[in-house]
Amino acid sequence: MESNEIHQIIEQNQRLLQNLNTQRHCECEIRQLISEIIGAKISDSVEIHLPFFTDYGRNIKFGKDIFINFNVTMVDLGGIVIEDHVFIGPGAYLISVNHMIDPKRRKELILKRVHLEKMFGLELVLRFYQE
């Protein structure tokens, strides 16, 4: 996908996220807005407490019976997969993007998928680092 297309999706999703996080919504409206953000329908068994944040959105995949507590951030350009029966605690960060350490190459992105399987109580920062 071209950089211009990615930036257009990010801009569109930022408007949707602002609506999501600043207005009152029932659970079905929350799932509908998040489905628009990620570009795929999510199961009625997915419960997401607001606020919820993402940068791109289109590389997030949700399974079923997922609970995501408030103030979770997903930086998903590298991909984030959340399988069935995952619980994510408040304030967690799922980050699939990093930058090169060398200042001359800092604008280059390193993308690696985050994949969560049947976890309970994820309340930490998940990041990957360049080796």
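A residue is called exposed when its relative accessible area is over 50%, buried when that area is under 20%, and partly exposed in between. Keep those cut-offs at hand for this tour of a predicted model.

**Stop 1: D44.** Select D44 to begin. Its relative accessible area is 59%, so D44 counts as exposed. Now show its side chain together with that of R31: the two meet in a salt bridge, with 3.6 Å from N to O. R31 belongs to helix 2, while D44 sits in the loop between helix 2 and strand 1 (47-48), so this pair ties together parts that are 13 residues apart in sequence.

**Stop 2: R31 and E27.** Stay on R31 for a moment. Is R31 buried or exposed? With a relative accessibility of 13%, R31 is buried. Next, add E27, whose side chain meets that of R31 in a salt bridge of 3.7 Å, N to O. Both residues are in helix 2 (residues 27-38), and they are four residues apart, which is about one turn of the helix. E27 has a relative accessible area of 47%, so it falls in the partly exposed class. With E27, R31 and D44 all selected, you are looking at a network of salt bridges.

**Stop 3: R105 and E108.** How many salt bridges does the structure hold? There are three. To see another one, select R105 and E108, where the closest N and O atoms are 3.0 Å apart. E108 is partly exposed at 37% relative accessible area, and R105 is likewise partly exposed, also with 37%.

**Stop 4: the negative patch.** Switch to a surface view and pick D65, E83, D84 and E117. These residues gather in a surface patch of negative charge. Zoom in on D65, which you will find in the loop between strand 3 (60-62) and strand 4 (67-68). Its relative accessibility is 42%, so D65 is partly exposed.

**Stop 5: N69.** Finish by moving along the chain to N69, in the loop that runs between strand 4 and strand 5 (72-75). The relative accessible area of N69 is 14%, so this loop residue is buried. Which residues is N69 in contact with, leaving aside its neighbours within four places in sequence? Add H49, I88, G89 and P90 to your selection: these are the contacts of N69.

Definitions and conventions
Residues are numbered from 1 along each chain as its sequence is written. This is a predicted model: local features need pLDDT of at least 70, side-chain atom pairs count only at pLDDT 80 or more; totals for chains, interfaces and linings use all residues. Side-chain values use heavy atoms; hydrogens and water are left out. Patches are made of residues with over 30% relative accessible area and no salt bridge: like charges are joined within 9 Å, nonpolar side chains (Val, Leu, Ile, Met, Phe, Trp, Tyr) within 5 Å. Accessible areas come from the Shrake-Rupley method with a 1.4 Å probe; for residues, only the protein chains shown count as cover. A salt bridge is a side-chain nitrogen of Lys or Arg within 4 Å of a carboxyl oxygen of Asp or Glu. Lys and Arg count as positive and Asp and Glu as negative; His and the chain ends are not counted. The place of a charge is taken as NZ of Lys, CZ of Arg, CG of Asp or CD of Glu. Helices (H or I, at least four residues) and strands (E, at least two) are DSSP runs, numbered from the N terminus. Buried means under 20% relative accessible area, exposed over 50%, partly exposed in between (1.4 Å probe, protein chains only). Contact means heavy atoms within 4.5 Å.
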